[in-house]
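Student: Please take a close look at the aromatic rings in this structure. I would like one connected account.

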Amino acid sequence: MSEDKDTFMGVPRDTIDWKPTIDYEKCDYCMECFDFCPHHVFEKRENEPIKLVVANPLNCVVFCRACSKTCGPDALTFPSKAEVSKKIKETREAMSSHE
Amino acid sequence: MSDKYAVLPCNGLDKCAGQMTKEIAMLLCEGTQNEMICPVFYRVADARYDKIAKENPLLVVDGCGTRCASKLAGEKGLKIFRKMTVTEEAQKRGVTLPTDTLRLSEKEIALCTAMADEFIKEETAVPEQMVQAVEFPAPAEYLIHKKDKFIFRVPTEGFYFSENDCWLQVVGNRARIGITDFMQQSLSDIMFFTPPPVGVELEQFDEAGNVESGKAVFELICPVSGKVVAVNTELLTAPERINENPYEQGWVAELELTNFDEEKDFLLNTADYMKILKKKVDEFHVNKQKG
Ligand code: SF4
Ligand code: SF4
């Protein structure tokens, strides 16, 4: 069970760079994204100047960008899908040629 | 083209984009039979607008990604005929909106006028390619997962799935794509559908349109590469087909496959998708209890 949690399309999740990045210049801490995402990617830091962080980037569902659509000030960005999918395919090829 | 629309702006007062929705709504209503819905009053008094909103095609004008007007439409169980978001349109047209004032200058008014025109433009003709060349058989059988009162179905034959909850049904070198029963239920009532453009060549994992419910916007992530040869235009007026029947009438687009043999490796069969689905259902359930 824990094994498939850590892979995406057959490659280890931690080799895939997919997560939201918060632009703190734009973020107004409305917490819509925090409330929306069911995967505990975001965490609140109530008593700190930066009140929201991407605490669990590996929980983020690869290619999902759903929370960014809840963000009024457009403060959430993601890596390029094309590059990430290329990388995943390369990782898979490398893995299969090692078998 | 209908001769009367209901117009619902978000009327967000504390942002320029929100202020602009009011301007757009006024432009849409002036000198026409269209009727404006005040989002503030609608929240407290259903009766005032319910008839207008239910009997006429609804135009929704959101200021920003918070989608207050769309969410309100969702809460009231309305179907959206057409919608636009000011910040998105501004971005598309290379207009930077001011952050230091709420007053609209000529530049913003010009954008409002352009958006209002766009709203009432003739509907784009149904693409020729709608003529179906291929028959896609209905799923013969489903694998079922039950959790509390929820039942999630996954077709057993002829379908592939992605970890992003999209399905693919392949017949020859054509395929249909859509969203799975699990995702359809997570979104709940779908009220708006944006199809991918017909004719466009999509790479695997590119965005292939999106669907929107009161809860969220879901981007369809295309499970394979291919050229979009048709879209399900019925969903433009009846997006609820996706809720009713996600694997048949709720199909989203038809593709001509370009690299399927290679890409197949990245897709899941019914059994593997079922495993992922169960995990997602459990996680979702746990979160709900916590929340
Ligand atoms: S992209 Fe999806 S999974 Fe990732 S943080 Fe946002 S909502 Fe959560
Ligand atoms: S939705 Fe956007 S503005 Fe709101 S807390 Fe998240 S990143 Fe910040």
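Tutor: What follows covers the ring pairs, then the charges over rings, then two other sites. The model is predicted. Over all chains, the structure holds 15 aromatic pairs.

Start with Phe8(A) and Phe63(A). Their ring centres are 5.9 Å apart and their planes stand at 75 degrees, so the pair is edge-to-face. The cut-off behind that label is an angle over 60 degrees. This pair links distant parts of chain A. Phe8(A) belongs to strand β1, residues 7-8. Phe63(A) sits in the loop between β5 (52-54) and β6 (76-77). The two are 55 residues apart. Phe8(A) and Phe63(A) are both buried.

The pair is also part of a cluster. Ring pairs join Phe8(A) and Phe63(A) with Trp18(A), Phe78(A) and Phe205(B). So which residue of chain B enters this cluster? Phe205(B) does.

Now a pair within chain B. Tyr42(B) and Tyr49(B) have ring centres 5.6 Å apart, with planes at 80 degrees, so this pair is edge-to-face too. Tyr42(B) is buried, at a relative accessible area of 0%. Tyr49(B) is buried as well, at 5%. Buried here means under 20%, so both values qualify.

Charges also sit over rings. The charged end of Arg176(B) lies over the ring of Trp251(B), 4.0 Å from the ring centre. The charged end of Lys89(A) lies over the ring of Phe266(B), and there the distance to the centre is 5.5 Å. In that second case the charge is on chain A and the ring on chain B.

Next, the surroundings of ligand 1. There are 13 residues around ligand 1. Those that come nearest are Cys37(A), Cys60(A), Val61(A), Cys64(A) and Cys67(A). The shell divides into 11 nonpolar residues, one polar and one charged.

Last, a residue in a strand of chain B. Met84(B) lies in β4, residues 82-85. Met84(B) is buried, with a relative accessible area of 7%. Setting aside neighbours within four places in sequence, its contacts include Val60(B), Val61(B) and Asp62(B). Glu89(B), Met115(B), Glu118(B) and Phe119(B) are also in contact with Met84(B). Ala238(B) is 154 residues from Met84(B) along the chain. The C-alpha atoms of Met84(B) and Ala238(B) are separated by 18 Å.

Conventions: Residues are numbered from 1 along each chain as its sequence is written. Chains are lettered from A and ligands numbered from 1 in the order in which they are written. This is a predicted model: local features need pLDDT of at least 70, side-chain atom pairs count only at pLDDT 80 or more; totals for chains, interfaces and linings use all residues. Side-chain values use heavy atoms; hydrogens and water are left out. A residue is near a molecule or strand if one of its heavy atoms lies within 4 Å of it. Ala, Val, Leu, Ile, Met, Phe, Trp, Tyr, Cys and Pro count as nonpolar, Asp, Glu, Lys and Arg as charged, and the others, Gly among them, as polar. Rings of Phe, Tyr and Trp (its six-membered ring) pair if their centres lie within 6.5 Å; planes under 30 degrees apart count as stacked, over 60 as edge-to-face and the rest as tilted. Helices (H or I, at least four residues) and strands (E, at least two) are DSSP runs, numbered from the N terminus. Buried means under 20% relative accessible area, exposed over 50%, partly exposed in between (1.4 Å probe, protein chains only). A charge sits over a ring if NZ of Lys or CZ of Arg is within 6 Å of the ring centre and within 35 degrees of the ring normal. Contact means heavy atoms within 4.5 Å.
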